[in-house]
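Here is a short set of exercises for you to try at the screen, each with a worked solution. Have the viewer open and take them in order.

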Amino acid sequence: MAANSLRARGLTAFSVLALLVAGHGDAFSDGESFRKGSSGADIGILAVPEGITLEPLGVSQGYQSSKLIATRPPRDEIAFADPRGMTLYTYVPDPLGQFTCVAECAQVWRPALAPAKPKPIGDWSVIPRDQGAKQWAYKGKALYTYVKDIDPGSVYGNSPARFGGKRKNGAGEVVGGIRRAAAVPDVPLPPEWKVALFYPVSGIKLPAGFGVKEVQDATSLVLVNHRNMTLYTFAGEPKRDKRQNSPWLPAEAPQLSDPIGDFNFVVRDDGIKQWTYKGKGLYTCAFDLAPDDAHGIGVDKQWDVAALYRYYNPPTVTIQNTPTQGKVLATANGLTLYRREAHIVQSGGGHGFRRGSPLRPAVGRDIGIAHVGCDGECRKIWHPYRAPDDATAWGQWTVITHPDDFRQWVYQGYSLWTYDGDKKPGDITGHDRYDLLFADKPDAPAAQRTVIDIGTPQDGAAGLYWMIAIP
């Protein structure tokens with residue numbers, strides 16, 4: 001491949017918000033216990049047990065290269081998946097706690113088998129099968145995979161990898177290069193089969209105007225108000241929180257509101273009727289300026305996000321605040337973790353955003369290790385963030401075996417790295433360092449141009465960027 005390479009240092013032009021509580025790192029417990037908030041209270045239920053992963057469906061994987069998808073891929077549906085990222089399903093005729101898909105059915109719809117010593121949590125359980133095997137069940141319904149699903153984000157064999165640029169799918173075949181409008185319509189999922197969805201959450205009774213939303217910086221599904229702002233809980237008595245110069249604003253309930261599900265209300269000493277969730281007062285935080293903000297975490301030990309479900313994080317991974325880029329994934333010592341990002345230079349692809357390009361799992365998998373472009377001198381300052389030998393896929397985390405014969409952590413499709421230029425928690429000196437690759441004949445007809453392979457073949461200027469790993 002003939003290409004000119006340019007290495008330069010990129011600078012962030014501006015920041016939208018400097019966090020008010022710099023240097024705070026949220027350490028996460030191991031997967032066998034609940035995350036403990038700063039107040040010591042249990043924060044949400046762990047979303048999945050060990051060996052079960054979470055995958056956004058369809059275009060949310062980021063296979064498509066359109067500007068809309070590249071800059072803000074939706075996460076409208078997130079499915080439970082097996083360790084390979086293959087979607088899990090439930091079979092409507094199955095009674096609770098039983099499986100009925102056997103014989104020919106089981107040749108196509110294969111049981112999602114649990115390990116020999118499973119650790120069920122929350123709504124997760126196991127159903128015994130023949131010869132000592134165990135099948136995962138969610139809310140009592142047995143879980144299955146579909147034999148024709150070969151790529152993460154697939155539903156009933158309809159792989160999102162066929163949209164966007166050309167790439168190899170899970171079977172090693174080159175797919176893509178077609179527009180969605182020109183594609184053959186998806187084969188509909190049979191009505192007796194349902195995707196096992198983690199998000200949106202179903203079956204939860206909510207007051208009018210409340211919702212449940214994925215807030216990445218909180219690494220949780222949290223309660224939000226009518227403006228999609230993150231809600232927080234107070235560990236003390238709701239009606240006696242300190243109000244003077246407080247950033248915490250009570251979630252007011254209408255005067256004629258009634259309790260519903262886990263939601264009730266109290267009449268505060270100041271006369272405000274306030275919503276409570278499982279007996280804890282609900283609040284918004286004045287430090288949150290927009291939906292998806294969770295700047296209230298760590299501000300005061302008595303408050304934490306009102307989480308329904310939390311994501312698993314490895315014990316050696318923390319969340320660290322930075323002065324200009326918000327929350328980032330970090331090592332146990334608080335040093336920033338980075339991912340290798342790529343996009344077509346001409347299209348932008350969200351690279352100009354304050355926190356860089358949004359997470360697109362398909363792009364992270366495309367780059368992988370083979371295309372990360374870091375060897376020789378690069379490996380003297382950039383280091384793979386190693387995973388222990390017994391690490392397994394769990395939630396949004398997977399593991400790859402490095403060519404140097406060790407294991408490396410992968411978050412939402414992106415392998416994670418550390419940078420020697422960072423000396424203390426909050427440093428992000430590796431952010432926005434990049435290589436630009438140019439075809440040797442950029443003005444030639446398309447058929448004569450050199451294809452630049454950065455995981456997804458490109459026939460124009462392509463970029464490989466070191467970016468902060470955002471939650």
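**Exercise 1.** Find how many bridges join strand β18 to strand β25, and place the two strands in their sheet.

*Solution.* This is a predicted model, so we read the pairing from the predicted coordinates.
- Step 1: β18 (residues 220-224) and β25 (residues 307-310) run antiparallel, and 3 bridges join them.
- Step 2: To see one pairing up close, start at serine 220; its bridge partner in β25 is arginine 310.
- Step 3: Now widen the view. The pair belongs to an open sheet of 4 strands in the order β5-β25-β18-β17, with mixed pairing.
- Step 4: At the edges stand β5 (45-46) and β17; each has a single partner strand, so one side of each lacks a neighbour in the sheet.

**Exercise 2.** Determine which parts of the chain the salt bridge between glutamate 214 and arginine 75 links, and decide whether glutamate 214 is buried or exposed.

*Solution.*
- Step 1: Check the distance. The two side chains meet with N to O at 2.7 Å, inside the 4 Å cut-off for a salt bridge.
- Step 2: Locate the partners. Glutamate 214 lies in strand β17 (residues 211-215), while arginine 75 sits in the loop between α1 (67-71) and β7 (78-81).
- Step 3: The partners are 139 residues apart, so the pair links distant parts of the chain.
- Step 4: Glutamate 214 has 9% relative accessibility and therefore counts as buried, the cut-off being under 20%.

**Exercise 3.** Work out how aspartate 82 and arginine 84 are each classed, buried or exposed, and survey other salt bridges.

*Solution.*
- Step 1: The closest N and O atoms of aspartate 82 and arginine 84 are 2.9 Å apart, and the two form a salt bridge.
- Step 2: Aspartate 82 is buried at 10% relative accessibility, whereas arginine 84 is exposed at 55%.
- Step 3: Lysine 424 and aspartate 427 also meet in a salt bridge, at 3.0 Å from N to O. Aspartate 427 is buried, with a relative accessible area of 14%.
- Step 4: Arg339, Glu341 and Arg360 are joined into one network by salt bridges that share partners.
- Step 5: The structure holds 10 salt bridges.

**Exercise 4.** Identify which residues touch the most other members of the largest nonpolar core, and list the contacts of phenylalanine 198.

*Solution.*
- Step 1: This core has 67 residues; Phe80, Trp124, Phe198, Leu223, Leu282 and Leu329 touch the most other members.
- Step 2: Strand β32 (residues 414-419) gives the most to this core, with 4 residues.
- Step 3: Setting aside neighbours within four places in sequence, phenylalanine 198 is in contact with Ala47, Leu54, Ile78, Ala79, Phe80, Leu221, Tyr309 and Tyr311.
- Step 4: A second, separate core of 15 residues includes Ile43, Val224, Trp248 and Ile297.
- Step 5: As background, nonpolar side chains in soluble globular proteins tend to be buried together.

**Exercise 5.** Describe the chain as a whole, and find where the pLDDT is below 50.

*Solution.*
- Step 1: The chain has 4 helices and 36 strands, and 53% of its 471 residues count as buried.
- Step 2: Among contacts between residues at least 6 apart in sequence, 66% join residues at least 24 apart.
- Step 3: The average pLDDT is 83, and 79% of the residues score at least 70.
- Step 4: Over residues 1-41 the pLDDT is below 50; this stretch has 115 contacts in the model beyond near neighbours in sequence.

Technical notes: Residues numbered from 1 in each chain as written. Predicted model: local features only at pLDDT ≥ 70, side-chain atom pairs only at ≥ 80, totals over all residues. Heavy atoms only, no water. Buried < 20%, exposed > 50% of the residue type's maximum accessible area, 1.4 Å probe, protein only. Contact = heavy atoms within 4.5 Å. Core = buried A, V, L, I, M, F, W, Y, C linked by side-chain atoms within 4.5 Å. pLDDT = per-residue confidence, 0-100. Pairing = 2+ DSSP bridges.
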